[in-house]
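Q: Could you take me through one part of this model slowly, as if we were both looking at the screen? I'd like to see how the pieces around it fit together.

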Amino acid sequence: MTEALYHTDAYLRLFEARVTAVDGQAVALDRTAFYPGGGGQPCDRGHLGLGGEAVAVTAVREDDAGGIWHRVGRDLGAGDTVRGVIDWPYRHALMRHHGLMHVVNTVARDRYGGVITGVQIGPDRSRIDFRLAGFSRDRVPDLERRVNEVVERGLPVRSSTIGEEEFRRRPELVRTLNVLPPVVEGRVRIVTIEGFDAQACGGTHVHSTAEIGRAQVARFDNKGKDNKRFYWDLSA
Ligand SMILES: [Zn+2]
């Protein structure tokens with residue numbers, strides 16, 4: 001099992017690690033800051049430094065046993081020590097968008113009774129789908145305004161874990177209908193926006209809603225009677 005450094009510090013962009021296993025041109029590390037993807041957030045990019053050489057990491061995935069694999073496109077040896085470097089502008093953009101998605105899904109639920117059915121986070125534009133009966137295009141400005149009010153309040157965002165039993169007693173922590181959050185060693189990760197929301201999530205987020213920046217709906221599509229799709233952009 002790989003130690004997930006991105007869960008203890010989402011702002012960590014440099015780290016040292018040891019290669020614990022090799023599978024073709026992918027390597028598992030004993031610890032990593034590379035997010036393997038999940039919950040709508042794509043995996044990280046970056047490179048592994050080995051001696052004087054920088055080896056690009058082109059994909060990252062987590063296996064069922066919690067090992068995190070980095071595709072490097074060349075052979076590394078088990079036991080090698082590497083210096084990991086995260087592509088920070090890309091990751092930070094994803095963290096801002098990920099924080100935004102928490103604010104959006106909470107406002108959509110509290111204000112309009114929306115239930116999230118899918119999310120795809122991007123560094124420039126994120127897509128979020130809701131089952132949202134009775135929501136029409138003329139309500140988009142109201143949604144946008146309420147989301148930006150939360151952003152501007154600069155609320156702290158923090159993560160913690162709770163036991164699986166407590167998690168089952170708090171169904172409001174689950175937001176996505178078709179994807180349950182991962183349970184790791186009997187614990188579920190909870191991301192809290194103080195004074196606003198808490199939900200189960202295994203991704204990486206900014207530390208304050210202020211860091212998200214101004215948000216706008218770039219596009220709104222009706223996908224059938226009750227299914228609505230929103231594309232959100234952030235100003236730099
Ligand atoms: Zn999240």
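A: Sure, let's start with a sheet. Four strands make up an open sheet, in the order β10-β11-β17-β16, and their pairing is antiparallel. At the edges sit β10 (115-120) and β16, each of which pairs on one side only. Neighbouring strands here are turned by 25° against each other on average, direction ignored. Keep in mind that this is a predicted model.

Now zoom in on the middle of the sheet. Strand β11 (residues 125-131) and strand β17 (residues 227-234) run antiparallel and are joined by seven bridges. If you want one pair to find on screen, Phe130 has Lys228 in β17 as its bridge partner. Next comes a helix: α2 packs on the sheet and touches β10, β11, β16 and β17, with its direction at about 20° to that of β11. Another helix, α3 (residues 140-152), lies across β16 and β17 and runs at about 145° to β16.

Let's pick out a residue in the sheet. Trp232 belongs to strand β17. Is Trp232 buried or exposed? Its relative accessible area is 0%, so Trp232 counts as buried, the cut-off being under 20%. Look also at Ala218: the C-alpha atoms of Trp232 and Ala218 are 5.4 Å apart, although 14 residues separate the two along the chain.

Trp232 also leads us to the nonpolar core. The largest such core has 36 residues, and Leu100, Val147, Phe230 and Trp232 are those with the most contacts inside it. At least two residues of this core come from each of α2, β11, α3, β14, β16 and β17. The biggest giver is α2, with eleven residues. For a closer view, try Val147: leaving aside neighbours within four places in sequence, Val147 is in contact with Leu100, Val103, Val104, Val107, Ala215 and Trp232. There is a second, separate core too, with 21 residues, including Cys43, Val72, Leu76 and Ile86.

Helix α2 has something else to show us, a metal site. The zinc ion has four protein donors, His98 (NE2), His102 (NE2), Cys201 (SG) and His205 (NE2), which lie 2.0 to 2.1 Å from it. Why is the arrangement called tetrahedral? Because the four donor atoms subtend angles of 97 to 128° around the zinc ion, and the rule asks for all angles to lie between 85 and 135 degrees. Along the sequence, the donor residues follow the spacing H-x3-H-x98-C-x3-H. Distant parts of the chain are linked this way: His98 is in helix α2 (residues 88-112), while Cys201 is in the loop between β15 and β16 (215-222), 103 residues apart. Both His98 and Cys201 are buried.

That loop follows β15, so let's step back along the chain. Strand β14 (residues 187-193) pairs with β15 in the antiparallel sense, over four bridges, and Val191 stands opposite Gln199 in β15. The two strands form a hairpin with three residues between them, and Gly195 in the turn has a positive phi of about 75°. In β15 (residues 197-200), Asp197 and Gln199 point one way, Ala198 and Ala200 point the other way, and all are buried. That fits a general pattern: side chains in a regular strand alternate between the two faces of the sheet.

One last stop is Glu185, in the loop between β13 (183-184) and β14. Glu185 has a positive phi of about 50° although it is not a glycine. Glu185 is exposed, with a relative accessible area of 69%.

How values were computed:
Residues are numbered from 1 along each chain as its sequence is written. This is a predicted model: local features need pLDDT of at least 70, side-chain atom pairs count only at pLDDT 80 or more; totals for chains, interfaces and linings use all residues. Side-chain values use heavy atoms; hydrogens and water are left out. Buried means under 20% relative accessible area, exposed over 50%, partly exposed in between (1.4 Å probe, protein chains only). Two strands pair if DSSP finds at least two bridges between them. Donors are N, O and S atoms within 2.8 Å of the metal (3.2 Å for Na, K and Ca); water is not among the atoms, so sites may look incomplete. Four donors count as tetrahedral if all angles lie between 85 and 135 degrees; four count as square planar and six as octahedral if opposite donors are over 155 degrees apart and all others between 65 and 115; anything else is irregular. Axes are lines fitted to C-alpha atoms, for helices over the stretch in contact, and angles run from 0 to 180 degrees between N-to-C directions. Contact means heavy atoms within 4.5 Å. A nonpolar core is a set of buried Ala, Val, Leu, Ile, Met, Phe, Trp, Tyr and Cys residues joined through side-chain atoms within 4.5 Å.
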